Amino acid sequence: MDKKAKILVADDEKEIRGILGMLLAEEGYEVVEAADGQEAVNLADDTIDLYILDVNMPGMSGFAAGMEIRRNYYAPIIFLTAYSGEADKRMGFDAGADDYMVKPFSNAELLMRVGALLRRSRDYARMQYKAEEAPADELTYKDLKLDMDRQSVWKDGEMIILTHTEYRILELLISHRKKIYSLDNIYQSVWEDDAVGDTTIMVHIKNIRKKLGDDSRNPRYIKTAWGKGYYVE
């Protein structure tokens with residue numbers, strides 16, 4: 001039997017922590033609560049399977065806490081915020097987020113995203129374990145090399161740090177060159193659920209391009225088919 005996933009919930013409002021904790025516990029998750037960003041950083045360890053961090057917390061914000069956690073741990077991070085602007089989302093993904101939810105959101109949507117991220121994280125862990133006994137399965141494109149077993153990306157011999165979500169998007173497009181994927185297509189392929197966000201994928205694409213050192217106006221890797229989606233030649 002699989003062990004119960006452990007989720008850390010950080011929010012400075014006790015009532016919200018309680019509601020989220022109860023919701024997740026009813027789904028069978030083990031929940032750890034933090035009252036602010038610094039406490040979330042202090043509680044972070046290898047046993048946490050997923051982090052849910054409110055952005056607007058006093059002292060250390062959720063973004064700052066996420067960046068600090070991401071220095072040492074690779075478990076998925078979901079940011080919760082009242083701000084829906086693209087710049088805010090970009091800050092979240094730059095801080096190491098795998099997903100970003102704007103308040104108010106439904107309980108069903110939160111549980112859907114938590115489940116999807118935990119599934120992908122477990123798949124990643126299984127592939128890492130198998131990779132110890134099997135040769136790496138590699139995918140190359142121009143000066144990029146994707147180690148599909150370890151879900152890592154290399155450019156000119158230097159490792160590029162991508163989140164799980166960013167890696168999955170890049171692997172999807174490179175694995176199916178010349179195929180144009182709409183935003184909904186990418187969301188369904190990566191999250192394995194129906195799309196629920198409009199700008200999430202676009203922010204991820206911008207973040208991938210930035211990390212690869214690509215020019216969004218004349219990209220070498222991920223191309224834009226205006227009005228249709230994204231593709232790799």
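Biologist: How many of the 12 residues of helix 6 are buried?

Modeller: In this predicted model, 11 of the 12 residues of helix 6 are buried, and the helix is mostly covered.

Biologist: Which ones are they, and where does helix 6 run?

Modeller: Helix 6 covers residues 164-175. Its buried residues are His164, Thr165, Glu166, Tyr167, Arg168, Ile169, Leu170, Glu171, Leu172, Leu173 and Ile174. The helix reaches 16 Å from its first C-alpha to its last, close to the 16 Å expected at 1.5 Å a residue.

Biologist: Glu166 is on that list. What does its side chain meet?

Modeller: The side chain of Glu166 meets that of Lys211 in a salt bridge, at 2.8 Å from N to O. Glu166 lies in helix 6 and Lys211 in helix 8 (residues 200-211), so the pair ties together parts that are 45 residues apart in sequence.

Biologist: Are the two partners buried or exposed?

Modeller: Glu166 is buried, at 0% relative accessibility. Lys211 counts as partly exposed because its relative accessibility is 29%.

Biologist: How many salt bridges does the structure hold?

Modeller: There are 11 salt bridges in the structure. As background, side chains of opposite charge can pair when their charged atoms come close.

Biologist: What does Arg113 pair with?

Modeller: Arg113 forms a salt bridge with Asp99, and their closest N and O atoms are 2.8 Å apart. This pair links distant parts of the chain, with Arg113 in helix 5 (residues 107-131) and Asp99 in strand 5 (residues 99-102), 14 residues apart. Arg113 counts as buried, at 3% relative accessibility, and Asp99 is buried with a relative accessible area of 0%.

Biologist: And Glu68, what is its partner?

Modeller: Glu68 forms a salt bridge with Arg71, the closest N and O atoms being 3.3 Å apart. Here Glu68 is partly exposed, at 33% relative accessibility, while Arg71 is exposed, with a relative accessible area of 60%.

Biologist: Which residues are linked in a network of salt bridges?

Modeller: Asp11, Asp54 and Lys103 are linked in such a network.

Biologist: Back to helices. Which residues of helix 3 are buried?

Modeller: Helix 3 spans residues 62-70, and its buried residues are Gly62, Phe63, Ala65, Gly66, Ile69 and Arg70. Seen down the helix axis, they fall within an arc of 160°, so they line one face of helix 3. The general background is that an α-helix has 3.6 residues a turn, so residues three or four places apart point the same way.

Biologist: What about Phe93: where is it, and is it buried or exposed?

Modeller: Phe93 lies in helix 4 (residues 86-94). It is buried, with a relative accessible area of 1%.

Biologist: Which residues does Phe93 contact, beyond its neighbours within four places in sequence?

Modeller: Those contacts are Asp98, Asp99, Tyr100, Glu166, Thr200, Val203, His204 and Asn207. Phe93 and His204 are 111 residues apart in sequence, and their C-alpha atoms are 7.3 Å apart in space. Two residues from the salt bridges appear among the contacts of Phe93, namely Asp99 and Glu166.

Biologist: Now the sheet. In what order do the five strands run?

Modeller: The five strands form an open sheet in the order 2-1-3-4-5, with parallel pairing. Strand 2 (30-34) and strand 5 are the edge strands, and each pairs on one side only. From one strand to the next, the twist averages 20°.

Biologist: How do strand 1 and strand 3 pair, and what packs on the sheet?

Modeller: Strand 1 (residues 6-10) and strand 3 (residues 50-54) pair in the parallel sense over four bridges. Leu8 stands opposite Tyr51 in strand 3. Helix 1 (residues 14-26) packs on the sheet and touches strand 1, strand 2, strand 3 and strand 4 (77-81). The direction of helix 1 makes about 170° with that of strand 2.

Biologist: Last topic: what do strand 6 and strand 7 form?

Modeller: They form a hairpin with two residues between the strands, and Lys142 in the turn has a positive phi of about 55°. Strand 6 and strand 7 (residues 144-147) pair in the antiparallel sense over four bridges. Thr140 has Lys145 in strand 7 as its bridge partner.

Biologist: Which residues of strand 6 lie on the covered face?

Modeller: Leu139 and Tyr141 make up the covered face of strand 6 (residues 138-141), while Glu138 and Thr140 are on the uncovered one. In a regular strand the side chains alternate between the two faces of the sheet.

Terms used. Residues are numbered from 1 along each chain as its sequence is written. This is a predicted model: local features need pLDDT of at least 70, side-chain atom pairs count only at pLDDT 80 or more; totals for chains, interfaces and linings use all residues. Side-chain values use heavy atoms; hydrogens and water are left out. Buried means under 20% relative accessible area, exposed over 50%, partly exposed in between (1.4 Å probe, protein chains only). Two strands pair if DSSP finds at least two bridges between them. The expected span of a helix is 1.5 Å times one less than its number of residues. A salt bridge is a side-chain nitrogen of Lys or Arg within 4 Å of a carboxyl oxygen of Asp or Glu. The arc is that of the directions from the helix axis to the C-beta atoms. Contact means heavy atoms within 4.5 Å. Axes are lines fitted to C-alpha atoms, for helices over the stretch in contact, and angles run from 0 to 180 degrees between N-to-C directions.
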